Amino acid sequence: MRKILIVGAGQSGLQLALGLQQHGYEVTLMSNRTADEIRAGRVMSTQCMFHTALQHERDLQLNFWESQAPRIEGLGVSVAAPDSSRAVDWVGKLDGYAQSVDQRLKMAGWLETFAQRGGQVVVHGAAVSDLDYFSRTYDLVLVSAGKGELVSMFERDASRSPYDTPQRALAVAYVHGLGPRPEHPEFDAVRCNLVPGVGEMFIMPTVTLSGRADILFWEGVPGGPLDAFQGVKDPNEHLALTLELMEKYLPWEYARATRVELTDAGGTLEGRYAPTVRKPVGRLPSGGLVLGVADVVVANDPITGQGSNSASKCAAAYLASILERGDKPFDEEWMQSAFDRYWETAQHVTKWTNAMLAPPPEHVLNIIGAAGGLQPVADRFANGFNDPADFENFFYDPAKAEAYLAEVTQG
Ligand SMILES: Cc1cc2nc3c(=O)[nH]c(=O)nc-3n(C[C@H](O)[C@H](O)[C@H](O)COP(=O)(O)OP(=O)(O)OC[C@H]3O[C@@H](n4cnc5c(N)ncnc54)[C@H](O)[C@@H]3O)c2cc1C
């Protein structure tokens, strides 16, 4: 059977490893942490995943936490006015529910499952020299190490990367005790709160190590008032700052957060990175080739909550390409074609995410504003998180946006 090495045990690497394993491939997974270390570590994401990405997990029977994770049935948008009231406030309904499973829970569980099913796990932070050695003994080496140092093997694709610096400062806190949104206490939703010129806050339910929780996630424009978490080491101080900024900029969200407490000492995260698309094939010093997966090759800012979704879609696309390849060599041409297949979907995510990082043009403000009075517009925007390709049809081009709003208004 064909031997495959996967470096990095995150959403894409584990999903692909477990998928290949089910098809009888001999898979080795290199992880820089054990399952226990992942579980005991810091949160890594907010990892809200929408229907299509969740379905890829279901197809492989990897949806172990589906019954425990809250069902996210809507996606809401609020826009703060200068006086901190709400200029816009609506919620769209998702056609299929979304879910967030703390990656500490999921990756640790998947890693253990992979090993229990006979997969080989090597606990080691791989360096380029390791890959150079291993590439000679495996039919294919996949690098799914996220935004870590191994990305340096893959050339930045400037034509697909409009930004070369981070566009947001990220600050996450996992909490227990958040109240429901009074506007829709009967169902859960991701709540996107936009503070023009300052940043955004995303609030979403999740399942973590201690059960149901909610995530408070600030995205601050660098250098602005939300870019205040760097150097805050104490998790309780991080939470206090999160709440202080909520009280100032989003009093309606603060009102339901007055009794929250952190889920655990690892329940906070801060950082930033430049959104970057890379060339998919990495060349090792001795000439061997490796294929980049998910964040390694397409890392978008989390403002649109797409990275885990994309990682799932990338793993599903690569799995199909590997299976279709049969016994033929995994050469450079094949690697490029596997990536091109993934880029068919990923290009829409990148375009939309990069657009959302920029100040919104007037026609986009019109769509977001109109969704408050036109439920079909709210629903369509919400379902775009599942399939960002749909934004091509009504979001970027002012004429298309206008035509769409006219069509819905006329009903
Ligand atoms: C604050 C924040 C919020 C987010 N919110 C969302 C969201 O709501 N929805 C969404 O879809 N996405 C979200 N994302 C993005 C999402 O988490 C990532 O895009 C996704 O996890 C990427 O999957 P991956 O498999 O490429 O990499 P990862 O999940 O990052 O996995 C990479 C793994 O490789 C390991 N590794 C790194 N270097 C090495 C090495 N040298 N050797 C061995 N192992 C190595 C890492 O430790 C890690 O375990 C968010 C990200 C952040 C930072």
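Before we start, one thing to know: the domain bounds used here come from an automatic or database domain assignment. Keep in mind too that you're looking at a predicted model.

Let's begin with the big picture. The chain splits into domain 1 (3-62 + 102-163 + 274-357), domain 2 (72-100 + 167-271) and domain 3 (362-410). Now find the ligand. Domain 1 and domain 2 both hand residues to the shell around it, so the ligand lies between these two domains.

Who sits around the ligand? The shell counts 35 residues, and the ones that come nearest are Gly 8, Gly 10, Ser 45, Gly 146 and Gly 307. Several elements give two or more residues to this shell, namely α1 (11-22), β2 (26-31), β3 (48-49), β8 (169-176) and α8 (307-325). The top contributor is α8, with 4 residues. Sort the shell by class and you get 19 polar, 14 nonpolar and 2 charged residues.

Next, have a look at the sheet that includes β2. It's an open sheet of 6 strands, and if you walk across it you'll meet them in the order β6-β2-β1-β7-β16-β15, with mixed pairing. At the edges are β6 (120-123) and β15 (281-283), each of which pairs on one side only. Going from one strand to the next, the twist averages 25°. Zoom in on the β15 end: β15 pairs with β16 (residues 289-292) in the antiparallel sense, over 3 bridges. Here Gly 282 has Val 290 in β16 as its bridge partner. And α1, which you've already met at the ligand, lies across β1 (3-7), β2 and β7 (140-143), running at about 160° to β2.

Now move on to β8, another of the elements in the ligand shell. β8 pairs with β11 in the antiparallel sense over 7 bridges, and Val 172 finds its bridge partner in Phe 217 of β11. Strand β11 (residues 211-220) has 8 of its 10 residues buried, so the rest of the structure largely encloses this strand. β11 also pairs with β10 (residues 199-208), again in the antiparallel sense, over 10 bridges. In that pairing, Pro 205 stands opposite Asp 214 in β11. How many residues does the hairpin use to join β10 to β11? The hairpin gets there through 2 residues. While you're tracing these strands, here's a handy rule: in a regular strand, side chains alternate between the two faces of the sheet.

Let's pick out a single residue, Cys 192, which belongs to strand β9 (residues 188-195). Is Cys 192 buried or exposed? A residue needs 20 or more other C-beta atoms within 10 Å to be called buried. Cys 192 has 25 C-beta neighbours inside that distance, so Cys 192 counts as buried. Leaving out residues up to four places away in sequence, Cys 192 touches Gly 76, Val 77, Glu 200 and Phe 202. Compare that with Ser 337, which is 145 residues from Cys 192 in sequence and 36 Å from Cys 192 in space, C-alpha to C-alpha.

Finally, see how domain 2 meets domain 3. Their C-alpha centres lie 24 Å apart. The contact draws 13 residues from domain 2 and 11 residues from domain 3. On the domain 2 side, β4 (72-80) and β5 (86-100) are the elements that give two or more residues, and β5 gives the most, with 9 residues. That side divides into 7 nonpolar, 3 polar and 3 charged residues.

Methods: Residues are numbered from 1 along each chain as its sequence is written. This is a predicted model: local features need pLDDT of at least 70, side-chain atom pairs count only at pLDDT 80 or more; totals for chains, interfaces and linings use all residues. A residue is near a molecule or strand if its C-beta atom, placed from the backbone, lies within 6 Å of it. Ala, Val, Leu, Ile, Met, Phe, Trp, Tyr, Cys and Pro count as nonpolar, Asp, Glu, Lys and Arg as charged, and the others, Gly among them, as polar. Two residues are in contact if their C-beta atoms, placed from the backbone, lie within 7 Å. A residue is buried if 20 or more other C-beta atoms lie within 10 Å of its own, exposed if 12 or fewer, and partly exposed in between; C-beta atoms are placed from the backbone. Two strands pair if DSSP finds at least two bridges between them. Axes are lines fitted to C-alpha atoms, for helices over the stretch in contact, and angles run from 0 to 180 degrees between N-to-C directions.
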